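Me: Please choose one part of this model and take me through it closely, in a connected account. I am new to it and would like each term explained as it appears.

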Amino acid sequence: MDIYSLLKPLLFLLEAERAHDLTLKTLRLAEKTGLPVLPGRVPTCQPRQVMGLTFPNAVGLAAGLDKNAACIDGLAALGFGFIEVGTVTPRPQPGNPKPRLFRVREAEGIINRFGFNNLGVDTLIENVKAAKFKGILGINIGKNFDTPNERAVEDYLICLRKVYAHASYVTVNISSPNTKNLRALQEKEVLSALLATLKAEQTKLAREHGRYVPIALKIAPDLEPGQVNEIADLLMEHAFDGVIATNTTLARDAVNGMQHAEEAGGLSGTPVRDKSTLVIRQLAERLQGRIPIIGVGGIFSGKDAAEKIAAGASLVQVYSGLIYRGPQLVRDICQTLR
Ligand SMILES: Cc1cc2nc3c(=O)[nH]c(=O)nc-3n(C[C@H](O)[C@H](O)[C@H](O)COP(=O)(O)O)c2cc1C
């Protein structure tokens, strides 16, 4: 039995956000004291070349767990092939009132309506600079809750410029359900303009910095098939570097009647697994290998990860699976995918 199997029942006794905070604090303490976070080692895996980067293994940490990049080193010790921090916004913001994180235990799901609580991009960068981690770091950027959609592009530009020198890749998050109207940025005309502006800025920054940093777009699982195709076409038109599918869902069909199912927010974990796989499969059909897909949503085992790869993903990310299965999940996936 691994240590997480012992800790999980205790963590699950706590209110969800307290358990989350305590876990991050423990990771930071382990970082500072040099205590091993995970005994043993992660199996060696086949490195993957994706978006022009070499990933030591195919399993990454999804955005949202370490919003401020406050414990990159502790998380890296869990054996991830890459870590995505954020979502970060230009200015700090508190997020929605608590409680805003709920377990739907019966379905191994999580509902969150954090609303991009974060300390702002400047603090995130300080934290990234202080970390020892030399692996692949994704920085996920968003907009402040009080920036209207017509000015959203300015927030993404502020973040892109600031994080550029510190990121291996940047993720543009337009798919969180907890920032009012954010998902409307996925609509064709608006998205086309956003992608064009960000691409032009990336070209300029690449010249200035002498380094090309790939940009990926993170999309929702609740898109109609027509919208997925539209987004795929825009990604190709604007030569985006990657797409992350998917974020959390607003749908509740998989959890109807269960405790907390009626809470507002984005649902993740097992209930989003198949929805996200469908979006990946559809993207893969449309993109025909021209833009790599990072698959995320309900990965709780090596088999789930293999399913995402079979659907067309080149890499995977986990969040909810880590809460329900513990850090052993990273090894299990590596073992299956190697
Ligand atoms: C508590 C929580 C907070 C999240 N915060 C973010 C976020 O800030 N930015 C983002 O792009 N995705 C965020 N996500 C979405 C995850 O990165 C992931 O896309 C989604 O949860 C599906 O994967 P999973 O089923 O493995 O959790 C969050 C998910 C959870 C559960």
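Reply: The account begins with strand 8 (residues 169–173), which is joined to strand 9 by 4 bridges, the two running parallel. Strands are DSSP runs of type E with at least two residues, helices are runs of type H or I with at least four, and both are numbered from the N terminus; two strands pair if DSSP finds at least two bridges between them. The model is predicted, with local features needing pLDDT of at least 70 and side-chain atom pairs pLDDT 80 or more, while totals for chains, interfaces and linings use all residues. Residues are numbered from 1 along each chain as its sequence is written, and side-chain values use heavy atoms, without hydrogens and water.

Within the pairing of strands 8 and 9, Val170 stands opposite Ile215 of strand 9. Strand 9 spans residues 215–219 and is mostly covered, with 5 of its 5 residues buried (under 20% relative accessible area, exposed being over 50% and partly exposed in between, with a 1.4 Å probe and protein chains only). Ile215, Leu217 and Ile219 lie on one side of strand 9, Ala216 and Lys218 on the other, and both faces are covered.

Further along the chain is helix 7, residues 225–237. Its axis and that of helix 6 (residues 188–209) come within 10 Å and cross at roughly 25° (axes are lines fitted to C-alpha atoms, for helices over the stretch in contact; angles run from 0 to 180 degrees between N-to-C directions). Helix 6 is therefore roughly parallel to helix 7. Helix 6 contributes Lys188, Leu191, Ser192 and Leu195 to the contact, and helix 7 contributes Glu230, Ile231, Leu234, Leu235 and Glu237; contact means heavy atoms within 4.5 Å.

Helix 7 also packs with helix 8 (residues 273–287), at an angle of about 45° and with the axes 9 Å apart. Helix 7 is therefore oblique to helix 8 (angles under 35 degrees count as roughly parallel, over 145 as roughly antiparallel, 65 to 115 as roughly perpendicular and the rest as oblique). On the helix 7 side, the contact is made by Pro225, Val228, Asn229, Ala232, Asp233 and Met236; on the helix 8 side, by Val279, Gln282, Leu283, Arg286 and Leu287.

Elsewhere, 3 strands form an open, antiparallel sheet in the order 5-6-11. Strands 5 (101–104) and 11 (266–269) are at the edges with a single partner strand each, so one side of each has no neighbour in the sheet. The twist averages 25° from one strand to the next. Strand 6 (residues 109–112) is joined to strand 11 by 4 bridges, and Asn112 has Gly266 of strand 11 as its bridge partner.
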